[in-house]
Amino acid sequence: MVGFASGQPRHVRLRRRLSLPRVSSLHEAGFIMMRALTVDHVSKVFPAVKALDDVTMEIPRGSVYGVLGPNGAGKTTLFSVIAGFLRPTRGSVTIGDLPPGVIPLGRIGVLPQDALFQSNIPIIDQLLYFLKLLGFSRKQSLLELGRVMDLVGLTSVYYREAATLSHGMYKRLALAQAFLGKPDILILDEPTAGLDVVTAREIRESIKRSRGLATILVSSHNMSEMQELCDHVAVLNRGTIVSIGPVNEVAGSALSVSMTLNRELTEEELASFRGLAGDGALTGSAEIIRTDPMVYRILFPVHLSPEEADATMRELQKLLLSWNILLRSVQEDNRIENLYRRATTPNKSE
């Protein structure tokens, strides 16, 4: 019920959304689908910028689908188009097997990046009002309110005003409103941004408890979080999809390992090290990047098997030992982070 910023008063956005053709529920309509959501060649052009450029995605039903990208990549615009807050310049968004553009009433729950509530109105009154808009009776509303507040751990703050909540509690309140009505699709834009470690973990646990009950689209700059939560991922850069698919396929193949040594390699040693792994420009080779004087990242090609990667690591370690260089640590990097870095870093040849 809390909307993304779109440059229009909230009541105008709400009226526009309510003017769309609707059905009450995907389940009541009898749809059993593999795809919860289809984004079909969507572009969104503003006067000064092309925010989305021919974006196509198929979101499997029940998945946790991560949308990654740097600031300004188009993530929030994409979420706004999916939620119906913005109309695409071209293309369409389809919920399940419904006609394009039909948004079932209350079946998309949204957590905007900067959700806002009325500061001086008790929380219970605001959430009950949202449920009334969804068609809930007073009795149904109280039961549903208890469910979502328990889900996010806020059962003790019903009668407090939003202005009295801490930042973490405010964020959990915003998540609670997204869960209202058991939506089929949840859109969570940076759900843990700016939170302390404990509260962020609580938010992640709330999301995990909703896995399988709804299809969840989530964005975050926390790559470890995305790896923990998501089973599918899409990387946006400058409004364009640059990588997409199941995590095990697109991120699982983006293997990299960081090696910390007991001393810095000389230029001659680094050249030999790279020569053994293979020049990064050659097909079938690994690339070695010095990220710190004594830390070296080995980037393996996407088609390399784990066994081949292990064999390469053994040969590199033998070479280091021949130079009397000791390995202080070897750590496999976050695969989604590596995928993100590769997908959003300009090609040196461009």
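The following exercises, with worked solutions, concern a predicted model.

**Exercise 1.** Determine the strand order of the open sheet of three strands, and identify its edge strands.

*Solution.* Step 1: the order is 2-1-4, and the pairing is antiparallel. Step 2: strand 2 (50-60) and strand 4 (90-95) each pair on one side only, and are the edge strands. Step 3: neighbouring strands of this sheet are turned by 15 degrees against each other on average, direction ignored.

**Exercise 2.** Describe the pairing of strand 1 with strand 2.

*Solution.* Step 1: strand 1 covers residues 35-45. Step 2: its pairing with strand 2 is antiparallel and comprises seven bridges. Step 3: within this pairing, Val 45 is found opposite Lys 50 of strand 2.

**Exercise 3.** Locate helix 2 relative to the strands, and establish whether its residues are buried or exposed.

*Solution.* Step 1: helix 2 (residues 75-83) lies across strand 1, strand 2 and strand 4, at about 60 degrees to strand 2. Step 2: the buried residues of helix 2 include Leu 78, Phe 79, Val 81 and Ile 82; Lys 75 is also buried. Step 3: because eight of the nine residues are buried, helix 2 is largely enclosed by the rest of the structure. Step 4: just after helix 2, Gly 84 adopts a positive phi of about 90 degrees.

**Exercise 4.** Classify Glu 225 as buried or exposed, and list its contacts beyond four places in sequence.

*Solution.* Step 1: Glu 225 belongs to helix 7 (residues 223-229). Step 2: its relative accessible area is 1%. Step 3: the cut-off for buried is under 20%, so Glu 225 is buried. Step 4: not counting residues up to four places away in sequence, Glu 225 touches Thr 192, Arg 204 and Ser 220.

How values were computed
Residues are numbered from 1 along each chain as its sequence is written. This is a predicted model: local features need pLDDT of at least 70, side-chain atom pairs count only at pLDDT 80 or more; totals for chains, interfaces and linings use all residues. Side-chain values use heavy atoms; hydrogens and water are left out. Two strands pair if DSSP finds at least two bridges between them. Helices (H or I, at least four residues) and strands (E, at least two) are DSSP runs, numbered from the N terminus. Axes are lines fitted to C-alpha atoms, for helices over the stretch in contact, and angles run from 0 to 180 degrees between N-to-C directions. Contact means heavy atoms within 4.5 Å. Buried means under 20% relative accessible area, exposed over 50%, partly exposed in between (1.4 Å probe, protein chains only).
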